[in-house]
Amino acid sequence: MSEASERALKREIHGKAHEVLVLPAPGWSDVLVREIESVLKSLCLPAKFQPHLTQQDDACLVQNIDFRNLIELPCRLQTAADIRWILRSRHVGSFGEFNTFLQQMPWELYVPNQARVQCKVESYRSKLFHEGKLAEQIEALLQAKGYACVNENPDIRLHFLQIENRHQLALSVTKDPLYHRHYKTQLRHRAPLQEHLAASALQWFFQLPQQKTWLPDLVYVPFAGSGTLWVETLLYRDHIPLNNWRSELGLEVWPAFPAASWGTLQKRLQALSTINSSSCPSLLLDLDPELVEQLKLQVHRIQSEGQLCFPQLSVTVQAGDFFERPWPESSVQPFIPINPPYGIRLEHAAADGESAKKFYVRLCQHLRSGLARFPGARGFVLVPDGDAYAGARESLGSEYTLGMQSFSQGGQHIRCLAFGRAT
């Protein structure tokens, strides 16, 4: 990099405050707001500026944030879908002005030489409505500068947003969306729950008013699948940084990347983890014996790999049916997050003449029976449609219902129903 570029880097990136857009998991904006507020109050690195947060319709805007604190966000925001650093926002009213906008960007400050770049282009209520034409201009300029425009496995993800006569260019601060945690690179499940949705449901549950003094003595996951709910519980309860199972988040390719600050940040994030002192035992149950064997390997990987290793974790993985297995007698206050693989389980249920509603009625009747014998138990169950939710709510009864939150995965409206006996 030239001396002029070095000076520009210090002036434009390290020496000024920045703005970032943080995208929530669909339906969980309020949970993300609370998480961002908590992180901004407890930043690991000194803050040159005082950041502040504004909630928008479909994102959270963090303004006046130091660049060193900006790179901390993707390590700590567990409920975010993506974090986008706003590089430029200005008036653009024609394709000619858009070309000038592109030409005036100091690309060398943000994109390394010969980088693989993925571009997303959106235009709303603008004369520049032709997104394909905008994309052609972008691709031509980037290729002329020696960058490769790709759809998969990018080094850099750019977002071009045209609204009326204003254009905004943002850069995602990670190579992958944040719900790609990389702790389950081998194990896959036919009915996956995206990690940031699981994290949002967990944080919502533990932040309910009834939860202020309640702490579980066991994490009991009866439809364990690939282990997402279990791992996300660990991440939240024990403050495990999201970069634990990968040595980087894709930030290191930036020309402006502060390596010394990154090293200090990683050490301080590891020091925040309370997993050695606070983790309670876990019991993971699944009906599929083959999946259980894979899950055992997954648990071993969680215990033995990553920048933080957790060999001291007490985890039992068993094959069995939640409806037939007795509740664990060793626990007084189990936390029971339930995500029935309704896409799979209901296929078998339908073959036996059982509708989704009947399945959830049966599930919640089983929960109610267990809650009568284990009054300290609490948890939540994810319900895929309105009829099933009505049956589940009626089966639980008001005395065992702690709250409900709706969210969306893949366009499907899902209800998160919290259960337990409030004391």
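**Loops, a sheet and a buried alanine**

Mentor: Let's start with His182, which sits in the loop between β8 and α7 (195-206). Bear in mind that this is a predicted model, where local features need pLDDT of at least 70, side-chain atom pairs count only at pLDDT 80 or more, and totals for chains, interfaces and linings use all residues. Residues are numbered from 1 along each chain as its sequence is written, and side-chain values use heavy atoms, with hydrogens and water left out.

Trainee: What makes β8 a strand and α7 a helix?

Mentor: Both are DSSP runs, numbered from the N terminus: a helix is H or I over at least four residues, a strand is E over at least two. By that rule the chain has 14 helices and 15 strands.

Trainee: Why does His182 count as partly exposed?

Mentor: Buried means under 20% relative accessible area, exposed means over 50%, and partly exposed is in between (1.4 Å probe, protein chains only). His182 has 30% relative accessibility, so it counts as partly exposed. The backbone has a quirk here too: His182 has a positive phi of about 75° although it is not a glycine.

Trainee: And where is Glu164 found?

Mentor: Glu164 is in the loop between β7 (156-163) and β8 (166-172). Its phi is positive as well, about 55°, and Glu164 is not a glycine. At 45% relative accessibility, Glu164 is partly exposed.

Trainee: What makes Ala80 buried?

Mentor: Its relative accessible area is 0%, so Ala80 counts as buried. Ala80 lies in strand β4.

Trainee: Which residues is Ala80 in contact with, leaving aside neighbours within four places in sequence?

Mentor: Contact means heavy atoms within 4.5 Å. On that basis, Ala80 touches Val22, Leu23, Leu32, Glu35, Leu178 and His196. Take Glu35: it is 45 residues from Ala80 in sequence, and the two are 9.2 Å apart in space, C-alpha to C-alpha.

Trainee: How do you know that β1 pairs with β4 (residues 80-91)?

Mentor: Two strands pair if DSSP finds at least two bridges between them. β1 and β4 have 5 bridges, in the antiparallel sense, and Leu23 has Asp82 as its bridge partner in β4. β1 also pairs with β3 (residues 60-65), antiparallel over 4 bridges, where Val22 stands opposite Cys60.

Trainee: Why is β1 (residues 18-24) called largely enclosed?

Mentor: Because 5 of its 7 residues are buried, β1 is largely enclosed by the rest of the structure.

Trainee: What makes β2 (52-55) and β6 (148-149) edge strands?

Mentor: First, the order: an open sheet of 8 strands runs β2-β3-β1-β4-β8-β7-β5-β6, with mixed pairing. β2 and β6 each pair on one side only, and that makes them the edge strands. For β2 the partner is β3, antiparallel over 4 bridges, with His52 opposite Gln63.

Trainee: How do you know that the chain agrees with a compact globule?

Mentor: We use the radius of gyration, taken over C-alpha atoms; the globule rule is 2.2 Å times the number of residues to the power 0.38. For 423 residues that gives a value near 22 Å, and the chain has 24 Å, which agrees. Its C-alpha atoms fill a box of roughly 70 × 45 × 40 Å along the principal axes.

Trainee: How many of the 423 residues count as buried?

Mentor: 55% of them do. And among contacts in the chain with a separation of 6 or more, 78% come from residues 24 or more positions apart.
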